[in-house]
Amino acid sequence: MESLVFSPQVTAYVQQQESELQPLLQRMRQFVLQAAPQVEERFIYKCPFYYYLGQMCYMSTTKTGSVYLGFVKGLHLSNDQGLFAEADTKQIRKVFFRPGLPFPEAALRELLQEAILYNELKPSQQIQCKRRALTQ
């Protein structure tokens with residue numbers, strides 16, 4: 001089994017967050033890298049990003065004490081898993097997590113795989129997905 005490659009900047013980011021959020025951030029980080037080993041962890045725009053053939057998702061915190069995983073091209077994902085919160089941006093879709101609540105591993109793994117598959121599409125195929133999403 002391959003060892004996970006953690007970005008030192010993301011490690012510092014996690015350590016700078018509120019102590020009650022750190023275990024959840026670390027769990028999400030490890031989960032993303034284990035569920036999608038082809039993903040690369042980077043620190044840009046002052047938060048952890050996960051790349052596979054382009055931006056895929058990012059991790060951040062809220063002022064209300066929760067953590068979220070934002071899917072950059074979430075508009076084009078099915079959300080069959082029912083994880084996305086109500087949309088507050090045109091394209092990004094977010095999955096919120098709170099310390100002490102169940103962690104939806106199976107559903108989140110499916111969503112990550114769907115995001116990977118979307119990033120693997122050719123640009124012309126992505127445009128077709130965008131048109132379908134806009135007509136729904």
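The following exercises, with worked solutions, concern the sheet, the helices and the nonpolar cores of this structure.

The model is predicted: local features need pLDDT of at least 70, side-chain atom pairs count only at pLDDT 80 or more, and totals for chains, interfaces and linings use all residues. Residues are numbered from 1 along each chain as its sequence is written, and side-chain values use heavy atoms, with hydrogens and water left out.

**Exercise 1. The sheet**

Determine in what order the 5 strands form the open sheet, and which strands are the edge strands.

*Solution.*
Step 1. Strands (E, at least two residues) and helices (H or I, at least four) are DSSP runs, numbered from the N terminus. Two strands pair if DSSP finds at least two bridges between them.
Step 2. S3 and S4 are antiparallel and are joined by 5 bridges; here Met59 has Leu69 in S4 as its bridge partner.
Step 3. S4 (residues 67-71) also pairs with S5 in the antiparallel sense, over 5 bridges, and Gly70 has Lys94 in S5 as its partner.
Step 4. The complete order is S1-S2-S3-S4-S5, with antiparallel pairing. S1 and S5 each pair on one side only and are the edge strands.

**Exercise 2. The two sides of H1**

Identify which residues of helix H1 are buried and which exposed residues its opposite face carries.

*Solution.*
Step 1. Buried means under 20% relative accessible area, exposed over 50%, and partly exposed in between (1.4 Å probe, protein chains only).
Step 2. In H1 (residues 8-16), the buried residues include Val10, Tyr13 and Val14. They lie on the same side of H1 because they cover an arc of only 95° around the axis, the arc being that of the directions from the helix axis to the C-beta atoms.
Step 3. The face turned away from this buried side carries the exposed residues Pro8, Gln15 and Gln16.
Step 4. Among the elements that cover the buried residues of H1 are helix H2 (22-35) and strand S1 (40-44).

**Exercise 3. The nonpolar cores**

State how many residues the largest nonpolar core has, and which have the most contacts inside it.

*Solution.*
Step 1. A nonpolar core is a set of buried Ala, Val, Leu, Ile, Met, Phe, Trp, Tyr and Cys residues joined through side-chain atoms within 4.5 Å.
Step 2. The largest has 34 residues, and Leu69, Phe71, Leu108 and Leu112 have the most contacts inside it.
Step 3. H1, H2, S3, S4, S5 and H3 each supply at least two residues of this core.
Step 4. Apart from this core lies another, of 6 residues, including Phe49 and Tyr51.

Terms used
Contact = heavy atoms within 4.5 Å.
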